[in-house]
Amino acid sequence: MNKNLTVPFNDLHKNYVSLKSDIDLAIQEVINKSQFINGPQLQKFEKKFAQFCQIKYAAGCANGTAALHLALLACRIKPGDEVITTPMSFIATTEAITYVGAGIKFVDIDPKTYTLDVNKIEQAITKKTKAIIPVHLYGQSADMNPILEIAKANGLAVIEDAAQAHGALYKEHPVGSIGDVGCFSFYPGKNLGAFGDAGAVVTNSKEKSDFMRLLANHGRKDKYDHVIEGYNYRLDSIHAAVLGVKLKYLPHWIKKRQEIARQYSEALSALPIITPKIVDGNNHVFHLYVIMTKKRNELKEFLAGKGVQALVHYPTPIHLLKAYRHLEHKTGDFPVAERLGEQALSLPIYPEMSEPQIQKVIDCITLFFKQ
Ligand SMILES: *Cc1c(COP(=O)(O)O)cnc(C)c1O
């Protein structure tokens, strides 16, 4: 094993260097025009991203959290309504529910895919329930057909949190294009990342798309013609330009991630850990490669000592975060999510990882379980 080789969790600089001339040119073009807001790069990216998602409309916005907020507003979720979602996600998913004044209703996750357990949704529905937000966690789609059926039978909107799953497929359909609105984050570390905060909402509804655009740009139809109060939730031209360049490479990067995941799963399958399960019909894009082990904390520390950076997504399920103490949830309420919080470990995975780096991660984990 190469002692001096380090393996960071991600390497955004290496990613930049691999595209430097394209990116530099695209940014320079924005500066040359100096149309930093609503520049032509934005429309161009939106069109390409809609194509990528196989959907009619895509609108750029400030970040993934704003995307979720816009989607909930477009689905007319109001104070007093309830929205069903998973306790195993990033806090943005539930923050957006609170932004519109709705109540958060958690449903535990499926132990195999870590996405919403579709067998537990119906029992969580009340008269107040108005929407479901499945999260395509780690890069694998939630089980959308049963979710759509339940939504239809109960008159609920479906908002996909696809922040970790750009390009993932559910039975041939790109995530984000399946529910009423799909929400994406282009936070730098996501599979498609900008050079700062950025996001997008996608939908096949012209009405919803127009409304979300209006909301994201101060409710303005024209320069000072504000027809409603909105937000400043725009996507900057520089980010749109960077994203336009990177989107071309995304399918290739996804293949690289899947190849690394395949190598990990093959090499680690004999060890006493749980490796990611891919459901038939799902194309998992491996934003994160998450294993489960009871020795999670010890393994994380062991790897750090060898120069391998592993992280935890997420150590505390949302229902047990201090921010939600007012909801009065307790340990045991959502045991599958809680077990994942205790045992999950995300291994380094990014397209620019070298063979020796991949091998080092495998060797270190193997060594840990041998001693
Ligand atoms: C990253 C992320 C978000 C939030 O995106 P931001 O762009 O950081 O606001 C929302 N949901 C999930 C599941 C995420 O991973």
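## Tour of the ligand, pockets and cavities

Start at Ser-185: one of its polar side-chain atoms lies 2.7 Å from an oxygen atom of the ligand. That pair is a polar contact (N or O atoms within 3.5 Å; within protein, one must be able to donate a hydrogen and the other to accept it, and residues adjacent in sequence count only if both atoms are side-chain atoms). The model is predicted, so local features need pLDDT of at least 70 and side-chain atom pairs pLDDT 80 or more, while totals for chains, interfaces and linings use all residues. Numbering runs from 1 along each chain as its sequence is written, and side-chain values use heavy atoms, without hydrogens or water.

**Stop 1: the ligand**

Keep the ligand selected. Add Thr-65: a polar side-chain atom there is 2.5 Å from a ligand oxygen. Now add Gln-164. An N or O atom of its side chain lies 2.9 Å from an oxygen atom of the ligand. On its own the ligand exposes 380 Å², and the protein buries 93% of this area (Shrake-Rupley method, 1.4 Å probe; for residues, only the protein chains shown count as cover).

Expand to the shell. Here 14 residues surround the ligand (a heavy atom within 4 Å). Gly-64, Thr-65, Asp-161, Ser-185 and Lys-190 are the closest. Which helices each supply at least two residues of this shell? They are H4 (64–74) and H5 (92–99). Helices (H or I, at least four residues) and strands (E, at least two) are DSSP runs, numbered from the N terminus.

Colour the shell by class. You get 5 nonpolar, 7 polar and 2 charged residues. Nonpolar covers Ala, Val, Leu, Ile, Met, Phe, Trp, Tyr, Cys and Pro; charged covers Asp, Glu, Lys and Arg; the others, Gly among them, are polar.

**Stop 2: the largest pocket**

Show the pocket surfaces. The ligand sits in the largest pocket (more than half of its atoms lie within 2 Å of the grid points). On a 1 Å grid over the protein atoms alone, a pocket is an open set with protein on both sides within 12 Å along at least five of seven lines; in a cavity a 1.4 Å probe fits but cannot get out; lining residues have an atom within 4 Å of a point.

The volume of the largest pocket is about 540 Å³ (space filled by probe spheres set on the points, which are joined across faces, edges and corners). Its lining holds 27 residues. Select Gln-164, Tyr-187, Lys-190, His-287 and Tyr-314, which lie nearest the centre. H4 and H5 are the elements that give two or more residues to this lining. H4 has the largest share, 3 residues. The class split is 12 nonpolar, 11 polar and 4 charged.

Stay on Tyr-314. The peptide bond from His-313 to Tyr-314 is cis, with omega near 5°. Tyr-314 is in the loop between helix H10 (296–305) and helix H11 (335–343). Most residues other than glycine have a negative phi, and most peptide bonds are trans.

**Stop 3: the second largest pocket**

Move to a volume of about 390 Å³, the second largest pocket. Its lining has 18 residues, and Asn-38, Arg-213, Leu-214, Asn-217 and Arg-220 are closest to the centre. Helix H3 (40–52), strand E1 (57–61), helix H7 (206–216) and strand E10 (220–222) give two or more residues each. H7 gives the most, with 4. By class, expect 6 nonpolar, 5 polar and 7 charged residues.

Make a detour to Gln-54, in the loop between H3 and E1. Its phi is positive, near 50°, in a residue other than glycine.

**Stop 4: the cavities**

How many cavities of 30 Å³ or more are there? The count is 2.

The largest cavity holds about 90 Å³ of space. Of its 13 lining residues, pick Leu-12, Asn-15, Lys-190, Asn-191 and Arg-257, nearest the centre. Helix H1 (12–18) and helix H9 (250–268) give two or more residues to this lining. The lining divides into 4 nonpolar, 5 polar and 4 charged.

Finish at the second largest cavity, with about 70 Å³. Its lining residues include Lys-112, Tyr-138, Pro-276 and His-284. By class, the lining has 5 nonpolar, 3 polar and 2 charged residues.
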